[in-house]
Each structure stands twice: as C-alpha cells, then as structure tokens.
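User: Please take a close look at one part of this model. I should like a single connected account of one helix, its packing and its surroundings.

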Amino acid sequence: MVSFVVFMVLLAGVAGWLDSRLNWPKPATRGRRERL
Amino acid sequence: MVVGPFGIAAGAKAWAPAVPLWALVVAAQLLDILFLLLRLVGIETDRPAAAAHPLAYGGHLLQDSYSHALVSALLLAAVAGLVGRAVWDRRSGWVIAGVVFAHWVLDLLLQRADLAILPGNAGNLPLLGLGLWQQPMISEIVEAVLVLSGALLYYRAALRLPAPSIRSSGEYRVRAITAALVTSGLLVLALVVTVLGLF
C-alpha cells in the first residue's frame, strides 16, 4: 500500500511536473474558443 | 491489477496529449484510490491469501464491492470522462473515461472472482474475475507488456514533440529526453517492485 502511494506520487508529481514542461499540443476546444 | 494501469496512463498520452500526465495517472488508478480511502475507513478490506506470504504478488483477497463494482467503474468512468471533456476537450474526455474503465477490465482478468456487478454486491449477483493472479507468471507478463508498452508509447510521443522555438531546440531536447527517461524508468521500477511482491 505504501509503495503504491509512493509510485502514485512519483508518477503524478515528479513525472507529471517534467511532463508539464514539454510542448504538448493544447486542447482542441481551447483553440476554438480563442479563435471565437 | 497493481502496476499495469500506470502503463496505460503513460501510453494514453499518445491519444490525449493535452491531458497532463498526473491526470491520466489519477484516472488510471481512480478505482484503487477509492479503494484505499474506503479501506482506511474500514468499509473495504485487503487480506493476504496465504498468511505465510502476505506480500506475495497477487496474493490478495479483496473485498472491494463498492470501489470495484462494474456499475461503480462505469459511473466513475462516465464522471471522469465528463470532467475531462469540460476541462480539456471531447477526445480527451473519451480517453480519460477509457483509462478509468480499463482498470476494471484489467482487474477482471487478474482478480479472483471477487468483483461485484452492483455496488455493495446488491442483489447478491454472481461475482466476476478470471483469476489470472493464480497464474503469477502469466499475470506478470500481462503487467509487463502493459507497463513496457506504455513507457515506449510515452517515450516516443515525448521525443517527437517540436521545440517551442528553433533557438531553444537543444535545451528542449534534453528536457524531453529527461521527462521520457524518468517516466519510463519509474514505470519499469514500479514493475520490478510489483514482481518482487513489495507493492
């Protein structure tokens, strides 16, 4: 149970933070709203 | 299913790139997060199948009839999908719903027949579960395939992303490789920990 929570935090936190610094495409709806 | 959903979360990034990795991780483990909360308050339980090997891989007798009931999983997937659609876009919503429900499908393959159809096993309907956990070698291969495929899909998707500008392309490439390696490495480490029965 502890290992599960640790990996949840590592993947969602550390890997999630690294992931957020990448240039992923933006959501389609946001682009549509911006154009409107 | 212990670690396989982590692989699904990382792999799903290729289909829903706008959704942050943390959201996909939470979606993939939503049923288990609910299970942990219900276990903490004593509503659901997790007992070792063999007292001599309480940490053995797949050696769990689960009473998770609220968090892991078929109808609960469908409802959670629908709600998570609607949230994903509202926050990101329609495609992301579908992917998130699929990631949430994929956890239940994987549990159906692995768990003993302890998955209820209705929450709280209302109506005492037959319990579901194909019990692949009782064949540890096969279930470990299933988990490994999921985790390694997810890691590979994430790695490839991350390295294909264009740099925000030509000037920063070198620095950005290092950033992409770091993210891809850390995510893939954590997934493989989680798999090793699972197979060693330390989860």
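The request and the account of that helix follow.

User: Please describe helix α1 of chain B: which elements do its buried residues pack against, and at what angle does it pack with α6(B)?

Analyst: The model is predicted, so local features need pLDDT of at least 70 and side-chain atom pairs count only at pLDDT 80 or more, while totals for chains, interfaces and linings use all residues. Residues are numbered from 1 along each chain as its sequence is written, and chains are lettered from A and ligands numbered from 1 in the order in which they are written.

Helices (H or I, at least four residues) and strands (E, at least two) are DSSP runs, numbered from the N terminus. A residue is buried if 20 or more other C-beta atoms lie within 10 Å of its own, exposed if 12 or fewer, and partly exposed in between, with C-beta atoms placed from the backbone. On that basis α1(B) is mostly covered, as nine of its nine residues are buried. Among them are B:P5 and B:A12. These buried residues pack against α1 of chain A and against α2, α5, α6 and α7 of chain B; contact here requires C-beta atoms, placed from the backbone, within 7 Å.

The packing with α6(B) can be given in detail. Two packed helices are described by the angle between their axes and the distance between the axes. Axes are lines fitted to C-alpha atoms, for helices over the stretch in contact, and angles run from 0 to 180 degrees between N-to-C directions. Helix α1 (residues 4-12) and helix α6 (residues 136-160) of chain B lie with axes 7 Å apart, at an angle of about 20 degrees. The pair is therefore roughly parallel, a term for angles under 35 degrees (over 145 is roughly antiparallel, 65 to 115 roughly perpendicular and the rest oblique). The crossing of α6(B) by α1(B) is left-handed, that is, the near helix is turned anticlockwise from the far one by less than a right angle. From α1(B), the contact includes B:G4, B:F6 and B:A9, and from α6(B) it includes B:V142, B:L146 and B:Y154. By class, the contact residues are ten nonpolar, five polar and one charged; Ala, Val, Leu, Ile, Met, Phe, Trp, Tyr, Cys and Pro count as nonpolar, Asp, Glu, Lys and Arg as charged, and the others, Gly among them, as polar.

On the α6(B) side, B:V142 is partly exposed, because 16 other C-beta atoms lie within 10 Å. Not counting residues up to four places away in sequence, B:V142 touches B:G4, B:L109 and B:L132.

α1(B) also contributes to the largest nonpolar core, which holds 59 residues. Such a core is a set of buried Ala, Val, Leu, Ile, Met, Phe, Trp, Tyr and Cys residues joined through C-beta atoms within 7 Å. B:F6 and B:A9 are among the members that touch the most others, as are B:L24, B:A27 and B:V100. α5(B) gives the most to this core, with ten residues.

Two further partners of α1(B), α2(B) and α5(B), also pack together: their axes come within 7 Å and cross at roughly 35 degrees. There B:L24, B:A27 and B:A28 of α2(B) meet B:I96, B:V99, B:V100 and B:H103 of α5(B). That contact comprises six nonpolar residues, one polar and no charged. Besides B:A27, B:V100 touches B:L30, B:L76, B:A77 and B:A80, again leaving out residues up to four places away in sequence.

How values were computed: Two residues are in contact if their C-beta atoms, placed from the backbone, lie within 7 Å.
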